[in-house]
Structures are given as C-alpha cells and as structure tokens.
Amino acid sequence: MPLLLILLIIAVTPLVALLIASLWIVKQALYPRKFSYEKSYLLEVENGRFNEDVWNSWEKHEVILRSPYGYDLSGTWLPLTGSKKTIILLHGFPYTRIGMIKYIPVFRSRGFNVLIYDQRYFGRSGGPFTSYGYFEKYDLKAALDWVLEQTGPDSLVGTLGESMGGATVLLHGVIDPRPAFIIADSCYADLREAMQIRLRDQYHLPASPFMSLGARLLTIFGGFTTEQVSPERAAAELNMPVLFIQSENDVEVPPAHGRRLFAAKRNGLRRLYLALDAGHVEAVWADRTTYDREVGEFLKEANVM
C-alpha cells in the first residue's frame, strides 16, 4: 500500500470516528428511548407520587389534540363544573403526561380545570422526534386554542412545565401572550448546556469536539438549532407572571439554571422558589406542603385567585 494512502487513512480515521460518534449522539437526542404510558403509570403509583383512588374518582376524558404539524397529541381533560380557569401541565424528557398527575391537586383545590397531554414523540402522541421545546411550543399553542374552545374565549389559562416541559412553556410564552401565568419547574436555561451535562454524565464524553459537530447535525436532521431553544432568552421577553422552581440538589439541571432564568426575566412579576432536599423535578412530592404554599402565593400575587 502506498505510503501516501496509509497516511491519508491514518489522518481520516479519527474524523470518521468522530462523525460516527456524533451521528449516534444526535440520534439519541432526537429519538431517545422513552417510557410508555403504561410503564410511567406503574412507576408513578409504585413511587407514591399520586393517589390512584383519588385519580380514579375525578371526572376525566381522553382527548386527541391536533398538532399544527399534522400528528395527534394524546391528552386527558379533567374539568370542574363551571370553572373558567385552566392549567395545562407539560411533562419532561423522556416521560409522559402521567408524570404530571402529582401536580393536579395543587390546582384542582384552587378551582382549575386541568389538561395534561403527551408532548410530541412521547407517550401516546405522534410526532417524528423530540425537539426540546422548539416545535413543542406550537403544539402548546394548539392545546391552548382547544382549551379556550371548551371554556370560552374569556376564560383564564395558565401553563406549567417540568424540565423539558418548562422549556416548552417559556418558549411558548414568547409566541403566544395568552397564558395568564407560567410556572417552569426544573427547567434548563440553555439547551446546549443541558446537552453538555448529558454528554458528560451519561456518555462520559467531553463537550469538545462532540458538541460543535453534534449541534450542526442536530440542525440538519432536526430542523432547529440549540440557540433556538434558550429558555433564558425567552424569559427575557416575557411579560406575564412567571414562577421559576428549581431544586437545590438537582444534578441534571443545577439550581444555577433557575437563578439565571429568574434574573433574565425583567418585565412583570417573577418569583423564584428553590426547593431544599429535592432532586430533579422532585420538589412537588419531596415537600408537598411547601410547594403548594409557594404556588398559592404566586397565584395570589399574579391575581388569578
């Protein structure tokens, strides 16, 4: 074999390996392993995160919402007779709407209808891949349209999302001013940084050079950039009341992200609740009493109670 060809192979092989590894990482990002509706239900019950008897006692209806991108979103509608207030609850990555049942008592006790649904790609919903809030924000806009069709155009709608769901509700607030309030629980400030943490902790890989190439491949195959999924930038544009919730022991999305989101929001009411002795999206069931009080005080200050 000619020496030049041998040198070329030696030079090219690391680049090919980098490309293959980056393609695999992007595939995991866009098409992650996910929980089924049934599996997530069993996990929530086994971990005592909601009371199954209470859940079964509530009036509820399975609904199908239509995404503007053509797929169906599977949801559950829990109405309260005569209520003109609704909260839409959005789960995180890579879970389902069942993970949001634990929040429902906080809002039902205050007279809210509740809509939970599986975000695109997850649970029983359609959608080709996940986009961490980018395309999901338009699905939420369609869900809010649906709620107002049920409750009337003069009714009040708020949104709450945990983790990736928090990114969805914050990004949605930029394109749709209708939410009366937003609650973002355990939300990352910046998708690129969240992915770097996952690279380090889950795959034991350095951010460089994988993140730069991976970000370009994400744009090619996903149709969005990491810069377009920046809840921190979104928070700076929001005028409606926002409650940021972060857990002090969160290693997936460190509490500094919550502080940054809070600092970024300069217009209108903002509150920050840092939950002690709780990990990622654990604040509500680690200390239900404090969580309920913090949300209640925020809703009163936002004049929606």
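This report covers model confidence, the nonpolar cores and helix 12.

The model is predicted. The average pLDDT of the chain is 92, and 95% of the residues reach at least 70. Residues 3-12 fall below 50. That stretch has two contacts in the model beyond near neighbours in sequence. Where pLDDT is low, predicted coordinates should not be read in detail.

Next, the cores. In soluble globular proteins, nonpolar side chains tend to be buried together. Here the two cores are separate.

| Core | Size | Residues, among them |
|---|---|---|
| Largest nonpolar core | 56 residues | Ile 88, Leu 115, Tyr 117, Tyr 132, Leu 170, Tyr 188, Phe 224 |
| Second core | 36 residues | Trp 55, Ile 98, Leu 156, Leu 269 |

The residues named for the largest core are those with the most contacts inside it. Helix 5 (residues 136-151) supplies the largest share of this core, six residues. Tyr 132 reaches well along the chain: leaving aside neighbours within four places in sequence, its contacts include Ala 29, Leu 30, Phe 93, Met 164, Tyr 188, Phe 224 and Val 229.

Then helix 12, residues 288-301. The end C-alpha atoms lie 20 Å apart, which agrees with the 20 Å expected for 14 residues at 1.5 Å a residue. Its buried residues are Thr 290, Tyr 291, Glu 294, Val 295, Gly 296, Phe 298 and Leu 299. An α-helix has 3.6 residues a turn, so residues three or four places apart point the same way. Among the elements covering the buried residues of helix 12 are helix 4 (104-108), strand 5 (156-162), strand 8 (270-275) and helix 11 (283-286). Just after helix 12, Asn 303 adopts a positive phi of about 60°.

Definitions and conventions. Residues numbered from 1 in each chain as written. Predicted model: local features only at pLDDT ≥ 70, side-chain atom pairs only at ≥ 80, totals over all residues. Heavy atoms only, no water. pLDDT = per-residue confidence, 0-100. Contact = heavy atoms within 4.5 Å. Core = buried A, V, L, I, M, F, W, Y, C linked by side-chain atoms within 4.5 Å. Buried < 20%, exposed > 50% of the residue type's maximum accessible area, 1.4 Å probe, protein only. Helix = DSSP H or I, 4+ residues; strand = E, 2+ residues; numbered from the N terminus. Expected span 1.5 Å × (residues − 1).
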